[in-house]
Amino acid sequence: VVQQKQNDIQSAAAPTDAEIRAFYEGNKASFVWSDMVKLFVVGVRKDPNADLAKNRINELRNKYIDKKLTKDQILAQSKVEGSDYTASEGILPKTEAGAASIGLTYASMIGIYEMDKGYVSEISETNEAYLFLALTDKYPAKMLSLSDVVSPDSTSTVYEYIRQNLATSKAQAYIQQAAQE
């Protein structure tokens, strides 16, 4: 059916501007951002030597603060085979689950969100590692319009997101109908 009706599927699946806008209006309340933070996290495992790990995390934190190493340099070096530390950057919601995903308490997450962009934490200790984090950006909660990006690290707008989803739904509906026929 898909092979025989390929052209028909494509034309039937293309949502109109009016359909996209109607879908947005009917579902506007679901297009929101909660408060979010973009965090840069660097960690050094304690194993095999906790003292060396603590010295290394101090060195990395100091070089980052003194701008002797950039975030991008630290990220790149962490991916080199044999690197003695890990580094990552990501966007997390200011929620209990977001905090727990990187080993923080919700109160800590709120405290970080209240800091200014560029904030670098003190070194903290977990059972396995020493780490520090830096607040590289934060995003307040907001209702998204059609021209807003779906998430801060995305280039896809809400309009494009709706168009894609409507096209997929319409294509599936058309295929089912064509198969029945």
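Strand 2 (36–45) is largely enclosed by the rest of the predicted model, because eight of its 10 residues are buried. Buried here means under 20% relative accessible area, with over 50% counted as exposed and values in between as partly exposed (1.4 Å probe, protein chains only). Strands, of at least two residues (E), and helices, of at least four (H or I), are DSSP runs numbered from the N terminus. Residues are numbered from 1 along each chain as its sequence is written. Because the model is predicted, local features need pLDDT of at least 70 and side-chain atom pairs count only at pLDDT 80 or more, while totals for chains, interfaces and linings use all residues, and side-chain values use heavy atoms, with hydrogens and water left out.

Strand 2 belongs to an open sheet of four strands in the order 3-2-5-4, with antiparallel pairing; two strands pair if DSSP finds at least two bridges between them. Strand 3 (86–93) and strand 4 are the edge strands, each with a single partner, so one side of each has no neighbour in the sheet. Eight bridges connect strand 2 with strand 3, and V41 has S88 of strand 3 as its bridge partner. On strand 5, 10 bridges lead to strand 2, and A129 is the bridge partner of R45. Strands 4 and 5 are joined by two bridges, with E125 opposite Y130.

The largest nonpolar core contains 16 residues, and F40, V42 and I74 have the most contacts inside it. Such a core is a set of buried Ala, Val, Leu, Ile, Met, Phe, Trp, Tyr and Cys residues joined through side-chain atoms within 4.5 Å. At least two residues of this core come from each of strand 2, helix 3 (50–65), helix 4 (71–78) and strand 5 (129–139). Helix 3 gives the largest share, four residues. Leaving aside residues up to four places away in sequence, V42 touches nine-listed neighbours including I57, L60, I74 and F132; contact means heavy atoms within 4.5 Å. A second, separate core of 11 residues includes I20, F31, W33 and Y139.
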